[in-house]
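Hi everyone, thanks for making time for this one. I'd like to walk you through a few spots in the structure I'm about to put up.

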Amino acid sequence: MRIVLFTALIMLFNGLLGYLTNLPEDVGLDVSDGKLNSLSYAPFREGQSPLTEEFSTPEQIDEDLRLLAGKTHTIRTYASALGLKVIPELARKHGLKMIQGAWIGYVDKDIPKELDELVYAANTYPDVVKRVIVGNEVLLRGERTPEELVKYIREVKKRVKQPVSYADVWSMYMKYPGLIKEVDFITIHILPYWEDEPIPVENAPAHIERIYKQVREEAERIAPGKPILIGESGWPSEGRQRGWAIPSVVNEAAFIRGLLKVAADNHFDVNIVEAFNQSWKSELEGVVGANWGLFSVDRKEIFPLTGKVYENAKWFDQFLITSLIMALVVCCHAKKLQNLPSLKVAAFLIFVQVLCALLVFQADKTWYTSYDDWQRTKAVLIALLNIAVAGFVIHRASNLLTGAETKKTVITALDAFYLIVIALSLYKTYLLAVDGRYVSFPFELAVIPIAGLLGLACMRCLVDRVALSNLDFNRLIGRNPANNQRNKHIGWLMLFYAAGLAVGETKAFMVGRDFILAYPDVGERLVWATTFALTNCQMLGWLACLVILALSLLVKTKLG
């Protein structure tokens with residue numbers, strides 16, 4: 001009964017903690033009538049991609065536009081040919097207006113068909129297609145020269161009656177001001193998260209206002225009175241932190257509502273990116289690139305445009321699953337625990353609860369951010385690795401508390417699993433250090449093994465009444481002393497990789513074009529680049545993971 005009572009209390013505390021940390025949050029003023037002025041729309045679902053030319057069916061697009069008709073007055077598209085020809089007709093059916101786009105890429109033979117389809121849609125559905133955009137970030141990607149782009153813009157202007165524009169990040173219009181004369185309206189993308197100097201979400205609306213006025217000033221000098229459309233602005237709900245820009249559901253909702261307030265106050269014309277999460281982008285831009293939507297890839301609302309917002313709406317389901325796993329683990333160990341003092345029983349149960357909660361949370365998040373069979377296979381393998389580590393660590397902890405001997409096979413397996421975790425952590429750290437722009441910090445690999453290490457340390461301290469500084473983590477896990485030299489080399493290698501990650505993150509800021517313009521003095525630029533890198537909470541968390549794993553290999557015992 002004592003074990004049952006302790007287990008129930010710990011579960012209740014976990015549930016209370018989950019409830020208090022996932023209360024709905026106020027993210028600003030509601031969107032007027034719950035509908036946006038304009039919203040980017042790409043119809044791709046899971047398994048579909050423009051890269052492989054696998055497109056949505058007309059029925060699926062019809063479902064999408066029926067859903068979006070309740071969220072926006074206008075949709076912006078990026079291409080007109082192939083599987084996207086039906087969009088204007090279906091938009092008319094659902095009462096939506098369009099900013100129709102033509103995709104200009106590096107393949108010459110595709111461009112005439114794209115332009116023809118754009119012209120056809122604009123001339124056939126003039127009541128639906130109100131503006132057209134020729135090309136999207138072509139100059140940013142370096143796929144076309146400004147001269148080639150101007151040729152396409154002029155061609156379309158001769159063939160349609162609607163205003164014609166080109167869309168790119170705002171700095172491209174500053175770099176090529178001649179484009180301002182060529183377009184009927186200026187379309188700029190302002191994405192504070194992706195700026196070379198990332199903007200925190202609370203400062204993002206003010207940043208957009210400043211950039212808009214900067215572009216407005218340049219436009220007035222060249223072509224007075226020319227309209228400006230903010231063609232893309234948004235915030236990711238998942239992915240890696242950049243500087244002080246943190247992806248989250250609450251931040252995405254707060255950004256959109258803050259942006260719309262600034263737009264209303266200043267009479268800005270704004271299109272939000274985007275309607276649906278785009279799973280295919282994960283191949284190019286990682287987790288963060290796939291998560292800019294109001295809806296998930298399976299068309300479930302991520303957050304509302306009115307009312308309060310939950311960061312983790314699934315917390316209660318996770319709590320129930322965690323409690324079930326906890327109950328199963330306790331049942332397996334109850335007999336061993338029944339003769340232990342209450343303090344040791346409570347410590348063991350808290351340790352098990354922490355591991356179970358982390359396991360469920362990380363498994364759910366990894367699965368949610370996996371978008372194809374290979375990514376899901378990796379997610380399952382990581383979950384199995386974490387289950388194995390957690391299982392062996394819990395077994396080891398119960399033996400430490402009861403004084404039972406841990407079998408050599410268990411110790412060997414536990415050591416092997418930790419080496420696998422370390423190897424995978426080094427690999428991901430290398431990717432982050434070399435080119436980590438689109439690489440998420442892999443907490444799913446290390447959080448449970450590290451919680452296991454720290455939990456075992458606490459159990460050992462509880463049993464032997466020694467300080468943490470006097471613990472030998474190799475002996476704690478039960479590693480073979482003959483491998484101490486190997487472990488020492490691996491530990492120092494992990495610290496070297498941790499330092500390399502800090503350098504790599506700093507360098508990524510140092511070489512940014514706009515970052516260089518903002519801080520032309522190398523010394524000042526280095527200070528700010530280092531500041532942005534070393535105040536990134538996700539990076540600091542991952543560095544802590546690496547250091548703890550390294551120290552578990554390097555720290556020697558002071559016990560006899």
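Let me begin with a glutamine. Setting aside the neighbours within four places in sequence, Gln-214 is in contact with Trp-170 and Met-174. Before I go on, please keep in mind that this is a predicted model. Where does Gln-214 sit? It belongs to helix H9, which covers residues 204–222. Gln-214 and Trp-170 are separated by 44 residues in sequence, and their C-alpha atoms are 9.5 Å apart in space. Is Gln-214 buried or exposed? The relative accessible area of Gln-214 is 33%, so it counts as partly exposed; the class runs from 20% to 50%.

Now have a look at a leucine further along. Leu-546 lies in helix H21, residues 537–554. With a relative accessibility of 0%, Leu-546 counts as buried. Which residues does Leu-546 touch, leaving aside its neighbours within four places in sequence? The contacts are Ser-425, Thr-429, Met-494 and Ala-498. There is also Ile-422, 124 residues from Leu-546 in sequence, with 8.5 Å between the two C-alpha atoms.

Next, a whole helix. H4 runs over residues 111–124, which makes 14 residues. At 1.5 Å a residue we should expect a span of 20 Å, and the end C-alpha atoms of H4 are indeed 20 Å apart, so the two agree. As for what is buried in H4, the residues are Ile-111, Glu-114, Leu-115, Glu-117, Leu-118, Val-119, Ala-121 and Ala-122. If you're wondering what covers the buried residues of H4, the cover includes two helices, H3 (87–93) and H6 (146–159), along with strands S3 (97–102) and S4 (129–136).

My last stop is a helix pair. Helix H12 (residues 315–337) and helix H14 (residues 373–402) have axes that come within 11 Å and cross at roughly 20°. Angles under 35 degrees count as roughly parallel, and therefore H12 and H14 are roughly parallel to each other. The crossing of H12 and H14 is right-handed. Who makes the contact? From H12 we have Val-329, His-333 and Lys-336, and from H14 we have Ile-394, His-395, Ser-398, Asn-399 and Thr-402. How do the residues of the contact of H12 with H14 divide into nonpolar, polar and charged? There are 2 nonpolar, 5 polar and 1 charged.

That's my tour, and I'm happy to go back to any of these spots.

Definitions and conventions. Residues are numbered from 1 along each chain as its sequence is written. This is a predicted model: local features need pLDDT of at least 70, side-chain atom pairs count only at pLDDT 80 or more; totals for chains, interfaces and linings use all residues. Side-chain values use heavy atoms; hydrogens and water are left out. Helices (H or I, at least four residues) and strands (E, at least two) are DSSP runs, numbered from the N terminus. Buried means under 20% relative accessible area, exposed over 50%, partly exposed in between (1.4 Å probe, protein chains only). Contact means heavy atoms within 4.5 Å. The expected span of a helix is 1.5 Å times one less than its number of residues. Axes are lines fitted to C-alpha atoms, for helices over the stretch in contact, and angles run from 0 to 180 degrees between N-to-C directions. Angles under 35 degrees count as roughly parallel, over 145 as roughly antiparallel, 65 to 115 as roughly perpendicular and the rest as oblique. A crossing is left-handed if the near helix is turned anticlockwise from the far one by less than a right angle, and right-handed if clockwise. Ala, Val, Leu, Ile, Met, Phe, Trp, Tyr, Cys and Pro count as nonpolar, Asp, Glu, Lys and Arg as charged, and the others, Gly among them, as polar.
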